[in-house]
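This report looks at how parts of a structure pack against one another, beginning inside one chain and ending with the relation between chains.

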Number of protein chains: 2
Amino acid sequence: MESLFYGLSFLTVAIAFAFAAYLYLWVKKQRTVNKRIMEVSLLIKEGANTFMRREYRVLAKFALVAAVLILVLLPSPIWQGEPLDNVSMAVAYLAGTILSAIAGKIGILVATLSNGRTAEAAQKGIKPAFLIGFRGGAVMGLLVVGCSLFGVAAVLWITGDSSILLGFSFGASSLALFAKAGGGIFTKTADVSADLTGKVELGIAEDDPRNPAVIADNVGDNVGDVAGMGADLFDSNVAAMTSALVIAQSLAGDGTANVAMVFCYAILGLLASIIGIATARVGKNGNPTRALNSSTYVTTAIFLVLTAGATALIEGFSWRIWGASTVGLLVGVIIGITTDYFTDDTKPIVRKVAHASGSGPAFTVLSGVSYGFISALPAMVGIAISALVAYKLCEPMGDGYAVFGISMAAVGMLSIVGMIISNDAYGPIVDNARGLAEMGGLGEETIRTADELDSAGNTVKAVTKGFSIGAAGLTVISLLGAFMSEANAALAAAGKPLITGFDIMSPTVFFGVLIGAAIPAVFSAMLILGVDKNAQRMVAEIHRQFQSIPGLKEGKEDAKPEYGKCIDIATSGALRELIPAGLMTIVVTLIVGFIGGPSAIGGFLLGNIVSGLLLALFMSNAGGLWDNSKKYVESGEEGGKGSEAHKAAVIGDTVGDPFKDTAGPSINTQITVVSLVASLMSSIFVLFSIF
Amino acid sequence: MESLFYGLSFLTVAIAFAFAAYLYLWVKKQRTVNKRIMEVSLLIKEGANTFMRREYRVLAKFALVAAVLILVLLPSPIWQGEPLDNVSMAVAYLAGTILSAIAGKIGILVATLSNGRTAEAAQKGIKPAFLIGFRGGAVMGLLVVGCSLFGVAAVLWITGDSSILLGFSFGASSLALFAKAGGGIFTKTADVSADLTGKVELGIAEDDPRNPAVIADNVGDNVGDVAGMGADLFDSNVAAMTSALVIAQSLAGDGTANVAMVFCYAILGLLASIIGIATARVGKNGNPTRALNSSTYVTTAIFLVLTAGATALIEGFSWRIWGASTVGLLVGVIIGITTDYFTDDTKPIVRKVAHASGSGPAFTVLSGVSYGFISALPAMVGIAISALVAYKLCEPMGDGYAVFGISMAAVGMLSIVGMIISNDAYGPIVDNARGLAEMGGLGEETIRTADELDSAGNTVKAVTKGFSIGAAGLTVISLLGAFMSEANAALAAAGKPLITGFDIMSPTVFFGVLIGAAIPAVFSAMLILGVDKNAQRMVAEIHRQFQSIPGLKEGKEDAKPEYGKCIDIATSGALRELIPAGLMTIVVTLIVGFIGGPSAIGGFLLGNIVSGLLLALFMSNAGGLWDNSKKYVESGEEGGKGSEAHKAAVIGDTVGDPFKDTAGPSINTQITVVSLVASLMSSIFVLFSIF
């Protein structure tokens, strides 16, 4: 049965790629006539490409070093094990990094193609503009999911060994960690600096072309929100499938059916996303938020029906597993809805924070931090319940099935990831389009249309972030199971007693828990400080330009800002800051492993997951909350633009920017990377730890 | 041997009380002549007493309800077990609340006696003023430690049953939870409102008597930092001794020696503190920070020598246990020193945040949050290492000794708590004195002296906070062990299989971990929102007074602000907000226990400890960091008072105020309360849980 599903996987991937190519050509044939837009759009494209090229050059070096280390050490030291396994692992690792990089690169290509066309289409109304923005994003969604399914199926088909998949997944994750961190630092450096110098100091509009940081800001949307987010979800999707497959292969009984089931769910999720994407439309004067959300729900429903059908028809597929995956998906939707409650400006929380801003920025920050903390509770409870239910549902199927159930809950939650990436990538495209409409002088009416499209992107982002954090949570829980089975294989080989679990009363486990819990906090802090330092550099450069370029402030025709300098500062700063934080997490994992061995690592992973989820939810939601509170005040409430409340709300938004777009979403990846490092290194820890 | 140590405990307590009485009388006989100071000092005293009376009235109702529930249900339902045990437990619970309340009450008495006298002595220089402030604080320190040793010894001497001690400890903790939260909300409501309306809006000095909130602010220092902190450390000290005694009684072998050792260490700690207090002096123009710190180090050294002597001389005392307690104490000192690194304005971090303030308040907040996160790492590592070392040191002594070692590390860390409370209570006394010097018109020179004393209080506070958070961490780890032994007793009685540990791969444990981790975040958020709401009410009242009282803003002789109204708002707001947050944590603990039973509670405690430690460290340190950055800017750096950097630094300080004085230090107590509720309810959870 397995080979059938390999074939079907490749076929579905081919369909997804073909559909993506069709959408790409459709976007490309949309007309552009506005000279200024084409010019600026080209600047954005060049800026993004330059950054990506320089970033990939740095990451290529890192990947090569890592590949050599893997070749020597993993899955077991080359002088002890089967050298061919080490070669496979290193090649799989490189394949993971390369596929991730390709997905990011093509995402940038189509996003920078769509932004100008969306802006021009906005002159004709919401309907045509929405379609270009959404389809541009969909190309990215289809490619990412296609690449991940292709990669996982190919690696397993060629090697037949799911532990090699861990190498592939680690390749995807390590690239995602740096791409997300680098892109996140770039985009927030530019965003924060542009806002502070433009909006706050000079009182000019967000995308005013006089601001030297305005192009860097638009480039940032692409490299952070398109490429970074794509790498992140590529990684999550690969990790979820990998952990499910590692556990499926280790199960007693008909392992073949379980492996087939993982692929079957992935295939059906991709098909459901294709249908959801193909049918997404917005009415003539309709609501783009509703269009995006309803296509998500349509995809969810189609997926549930298709998988129920498959479970009914195919022998060996279990309803219990279907139940686990359904619980995962539904909890994902619920997390999305509660996130929405805390970040939507039609709901009370955003309004309370906007109201608190009237008493000064300290109250904006305090209330945002507080509601951000509270917002983590429902998601944590949701993840806790889905893990408990999935476990209890699948436990009666036999040894190991309980953890397999949790991993299938994660696969379920991520099944509609194609749709989610499409929605997510739509955001930066329409954000760019709004800027281009302003810089191209397309008039008030068009800017308003673009604004509406942009605001839908922001709202939907909250929902998709909830999904990706929840999925990361479930994935790493199942990776904990994968780690235990890897560690036990190594312990058995070394003739040591096996691990039956990680007891929190054991001092080494506890030691690991405390240190693991501190890591996401330190990791976030390093990224935020990176943005902080970098933005201070860029603000200084903008001040310099306003002082030394005559006529720039006044907006004289021939006074051109030096956009390139700002792009350069954001790029070099991001490249300098992205490595230390990522490397720190990997190094600490190794230290804990070499001190405390597998049991300390078990605790370390738990502490890391728990505090990582808490901080990721807190930061993403608080950031979204502040952003929308500011927009709410700007819409004329609590005194409107220029009021004291507005100034306070802008400060809240600036604090929230690196929370929600740099640190928060990078924590996901950080957790996954740490889990994969632990699984990959388990045999080494068994051989060389102190305790 | 046990009865000998009961006798010695009572004797030492008597010595401590006699010494406290001597210091009290010494402070009382210092002269006061300034009419204005006596008048304001009386206002502060009355405000504090009114608040304490109203707070205790609310808490008395809560305590009575809790006592009735305990009478019916604990240690086992009254219809099942021995009714006399239930009566003992309920009485012990009430004794815990009453002793805690008395300690708080007397602390307020002596603090409000010392503040004016310190202010007047400051006219003669640092030396006499320091001594009054320090000895006033020392009365509180001696009383708190004396009461806790007396209570623990009395309960165990009378009942002989350490599980009744859990009831006593819960009484102390539940009162501390509310006293800390209520006092914390009161003090920060007043502080934040006074700063925002006075410093920021009007640009008048911190303690300008025109500000209607200025007396409330000084009252807050007493009810938050004296009474609240006293209740907190009373609770920590009782909890540490209780968990050590519960485990000591459950140990195989010579249990008597172990129980005796716990009391011996407590006695020697109190004696060492008495010596440290008696010898504390500052040179004529010496440095008060150095005086405070060096008396801490002297106390530490004396304690180590005394306990080493006892271990050498007394049969049955083990060097391994001595080692565990020494490790605890030394790690406490190390945590204090690293905390100091992040919050002292002669070190780089405070200066970096001050420098970031030059780019605007968003950067103040972002850099403070980041360094706050990073500052948690060394303390977490310290706690992890001390737990690991204490465990490994004592493991060879036999079954159960490993966890006993951890509990003795906590006892060691808290051994010098008398000294720590003295230093801590010194802070609000000299803070008040500074205000009184300003309001009493004692001149620039005296205010500068008072300022220097105040700044020493702030710096030392960081060190003592590190101690108390670290000790809470170790205490609750050992309470986890106490919980397991209580749960196993209940399981054995119910004929169910015993727990051998809490495996994080078990879904109920994991379920507990995730929810437990979210609780400190929600708890903090509720307290911060309480301050936020309350401060908004008070700011509105201050604005009303400035508008409706003619001549107040201008400082006319006969224009008196209505101080009482502000005190009233702070009081009633604090009383309204303090119950929900505390009750929430208890209720969630019960829900998790009834759903998942003992194993979910084990996970819940772990999650709660880990995220609680992380957030408590983060909030306390970030708050201290912002406070001192503001002071650094005010000293003339980065533009000095009135600059943009100063405005930004004030906003950072306002954000940090409820972090460091409301939420952060309450989390300690929250963790302890949850652990004690869990231990007390273990038999009920065993009988009535779903899973």
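## A helix pair within chain A

In this predicted model, the contact between H12(A) and H14(A) is made on one side by A:Val403, A:Ile406, A:Ser407, A:Ala409, A:Ala410, A:Met413 and A:Leu414 of H12(A), which meet A:Phe467, A:Gly470, A:Ala471, A:Leu474, A:Thr475, A:Ile477, A:Ser478 and A:Gly481 of H14(A). Sorted by class, the residues of this contact are ten nonpolar, five polar and no charged.

Helix H12 of chain A spans residues 401–414 and helix H14 of chain A residues 444–493, and the two pack with their axes 8 Å apart at an angle of about 155 degrees. As angles over 145 degrees count as roughly antiparallel, H12(A) and H14(A) are therefore roughly antiparallel to each other. The crossing of H12(A) past H14(A) is left-handed.

## The contact between the chains

Between the chains, 63 residues of chain A are in contact with 63 residues of chain B. On the chain A side, at least two residues each come from helix H11 (361–394), H14, helix H15 (507–548), helix H16 (563–634) and helix H17 (644–688), and H11(A) gives the most, with 21 residues. The side of chain A that touches chain B comprises 47 nonpolar, 13 polar and three charged residues.

## Symmetry of the two copies

A turn of 180 degrees, with a shift of 0.1 Å along the axis, lays chain A on chain B with an RMSD of 0.1 Å. The two copies are thus related as by a two-fold rotation axis, and the same surface serves both, since 100% of the contact residues of chain A recur in chain B. Among the residues of chain A, A:Asp503 comes closest to the rotation axis, with its C-alpha at 2.2 Å.

Conventions:
Residues numbered from 1 in each chain as written. Chains lettered and ligands numbered in written order. Predicted model: local features only at pLDDT ≥ 70, side-chain atom pairs only at ≥ 80, totals over all residues. Least-squares fit on C-alpha atoms with pLDDT ≥ 70 in both. Contact = placed C-beta atoms within 7 Å. Axes fitted to C-alpha atoms, helices over the stretch in contact; angles between N-to-C directions. Helix = DSSP H or I, 4+ residues; strand = E, 2+ residues; numbered from the N terminus. Parallel < 35°, antiparallel > 145°, perpendicular 65-115°, else oblique. Left-handed = near helix turned anticlockwise from the far one by under 90°. Nonpolar A, V, L, I, M, F, W, Y, C, P; charged D, E, K, R; others polar.
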